[in-house]
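Dear colleague,

Please find the structure below, handed over for your reference. My notes on it follow directly after.

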Amino acid sequence: MSEPTVDALLGALSEAAELGAGRVPEDDLEAVRRIVASAAERRALSSEHTVVGFFGATGSGKSSLMNALAGEQIAMTHVRRPTTSVPLAAVWNPRGASALLDWLQVSDRRIMERPFATEPAPGPELSLIVLDLPDFDSVALEHRAIAERLAGQVDVLVWVVDPQKYADAVIHRDFIAPLASHAAVTTAVLNQVDRLPEAEVGRVVESLRGLLRRDGLGDVLVLPVSATTGAGVDDLRRVIARFAAERKAASQRLAADIRSVAGRLEAAGVPGKVRSADTQSLERGLAAAANVDAVAGAVAGSYRKRAGQVTGWPLTSWVLRLAPDPLRRLHLAPGRSERRDAEVHRTSLPPMSAAQRAQAGTAVRAYADTAAAGLGDGWSAAIHEHAAEALESLPPELDRAVARTDLGARASWWWPLLGAIQWLALIAAVLGGVWLLLPVLLPLWGMVAPVIPQVEGTATWLDGWPIPLVALLGGLLLGVVLGIVGAIIGGAVGAARRSRARRRLRKQVSAVAREVVVLPIEGERERAREFAVAIARAQGSRKRTPGVG
């Protein structure tokens with residue numbers, strides 16, 4: 001499988017930077033912008049030329065090595081340090097190199113007449129620029145700045161060290177180790193080996209290799225060279241010639257730059273998994289904050305009250321009308337158009353108390369903490385900012401959720417049936433009572449008293465009872481019994497309505513939790529997943545990113 005192209009890596013890095021805006025440190029995003037701009041500029045310039053930079057500390061012999069490589073005295077050498085104050089370019093095949101050197105800000109240029117080739121047989125003509133650079137540990141800060149700038153621009157890095165300073169911790173920590181990801185375009189040169197006893201050269205070379213491995217450059221070639229005697233110069237020339245002949249160094253350098261800065265962004269992390277139990281805990285907390293149980297209880301209370309008004313004993317049920325309807329007190333009167341009213345009216349539920357707000361806050365923050373697990377500080381802060389915004393908007397949203405819920409508090413079919421029987425029983429009782437009074441009242445007015453008929457032929461204990469008395473007592477007893485039966489049925493149905501209302505309310509609260517809390521936070525987590533995928537692509541990885549899928 002082929003390596004991803006620089007275009008693909010740049011595209012992934014730019015996508016990661018866009019996704020990470022406001023989530024990762026601005027310094028890292030600025031580094032991305034610099035890499036993208038530098039890559040665009042370098043690719044617009046000569047692709048024929050390979051730019052090689054000689055980097056080293058004071059006294060490492062970079063200029064002498066440059067002269068030995070070129071085969072003539074083009075760089076000034078002197079015992080006084082620093083010798084090189086501005087970069088010097090040795091240019092082979094100068095056609096098209098001017099714009100590239102202008103971009104590198106190198107004005108001191110030497111055009112080499114002889115082709116750059118390995119000895120003894122000349123090879124193909126190579127397009128090559130070799131830079132002799134100021135010391136990166138120079139006491140002159142402007143010299144160090146030039147070396148640092150060009151370390152970020154050249155295609156091939158050649159670290160030149162000498163036997164005295166090759167183990168200098170500052171050199172490795174501040175200059176070599178930060179560019180460890182550029183091993184594919186890096187070569188190390190141990191110069192001035194002529195100053196070592198021959199038996200010591202191998203030991204020092206191995207020591208340098210060990211230091212480079214510790215720096216993260218385990219695969220870098222280490223060449224022992226003496227610019228004075230010419231030992232190893234041909235080996236260095238062949239290495240540079242190979243880079244120039246392959247013409248891959250520029251792309252490899254850009255790819256290494258991209259992977260390096262992508263590695264800095266990788267600290268954003270990968271979101272962990274949010275379980276259904278975490279979402280359910282959030283919904284329970286918001287349901288409590290929304291007074292779901294209180295509203296469901298009001299549904300049951302309203303149903304019992306209205307059922308009692310219709311089905312209770314008519315002589316006492318009127319008392320229920322004096323008590324306020326629990327739902328009407330909440331502006332949730334049964335029979336209203338929930339969908340229409342919810343958009344324009346609020347309920348009369350009391351505002352969230354401090355305890356309820358604390359409960360909602362605890363539920364939302366706990367969910368945010370779980371959702372942010374595994375993410376870096378910037379992403380975690382963004383998730384908790386969404387949580388804070390959700391807490392501000394939740395009270396009215398929860399109130400509207402309650403207002404638009406169909407609470408199922410409408411009248412039941414059995415109410416009018418039981419109510420009709422109640423009135424028939426009352427009428428029977430009233431007629432029986434009046435009938436019983438007629439024998440007493442009519443003679444007072446000079447009228448003939450009617451005969452009170454009795455119950456006969458039933459073969460029961462009712463035989464001999466006055467029919468009006470049976471009607472009176474039966475009507476009263478039936479009314480009381482129907483009232484009790486109605487209350488029992490009303491209580492049972494009210495309890496069922498309470499459970500149904502609680503389920504419907506919790507469903508609405510769950511919808512609010514999803515819309516106001518879960519979706520914004522999950523959007524942030526999805527953005528983090530896409531960021532992690534983009535980072536993996538920018539690093540050239542085809543493996544599935546953990547936690548992403």
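In which sense do strand β1 and strand β4 pair, and over how many bridges? Strand β1 (residues 50–56) and β4 pair in the parallel sense, over 5 bridges. Please note that this is a predicted model, in which local features need pLDDT of at least 70 and side-chain atom pairs count only at pLDDT 80 or more, while totals for chains, interfaces and linings use all residues. Residues are numbered from 1 along each chain as its sequence is written, and side-chain values use heavy atoms, with hydrogens and water left out.

Strand β4 and its partners

Helices (H or I, at least four residues) and strands (E, at least two) are DSSP runs, numbered from the N terminus. Two strands are said to pair if DSSP finds at least two bridges between them. In the pairing with β1, D132 of β4 is the bridge partner of F54. Strand β2 (residues 88–92) also pairs with β4, in the antiparallel sense and over 5 bridges; here V130 of β4 is the bridge partner of A90.

Strand β4 covers residues 128–132, and 5 of its 5 residues are buried (buried means under 20% relative accessible area, exposed over 50%, partly exposed in between, with a 1.4 Å probe and protein chains only). Both faces of β4 are covered, with L128, V130 and D132 on one side and I129 and L131 on the other.

Helices α2 and α9

The axes of helix α2 (residues 26–44) and helix α9 (residues 249–265) come within 10 Å and cross at roughly 170 degrees. Axes are lines fitted to C-alpha atoms, for helices over the stretch in contact, and angles run from 0 to 180 degrees between N-to-C directions. The two helices, α2 and α9, are therefore roughly antiparallel to each other (angles under 35 degrees count as roughly parallel, over 145 as roughly antiparallel, 65 to 115 as roughly perpendicular and the rest as oblique).

Among the residues in contact (heavy atoms within 4.5 Å) are I35 and R42 in α2 and L254 and D257 in α9. The residues of this contact divide into 9 nonpolar, no polar and 6 charged (Ala, Val, Leu, Ile, Met, Phe, Trp, Tyr, Cys and Pro count as nonpolar, Asp, Glu, Lys and Arg as charged, and the others, Gly among them, as polar).

Two loop residues

Q105, in the loop between α4 (98–104) and β3 (108–112), has a positive phi near 60 degrees. Q105 counts as exposed, at 53% relative accessibility. Q192, in the loop between β6 (186–190) and α7 (198–215), has a positive phi near 65 degrees. Q192 is buried, with a relative accessible area of 10%.

Yours sincerely
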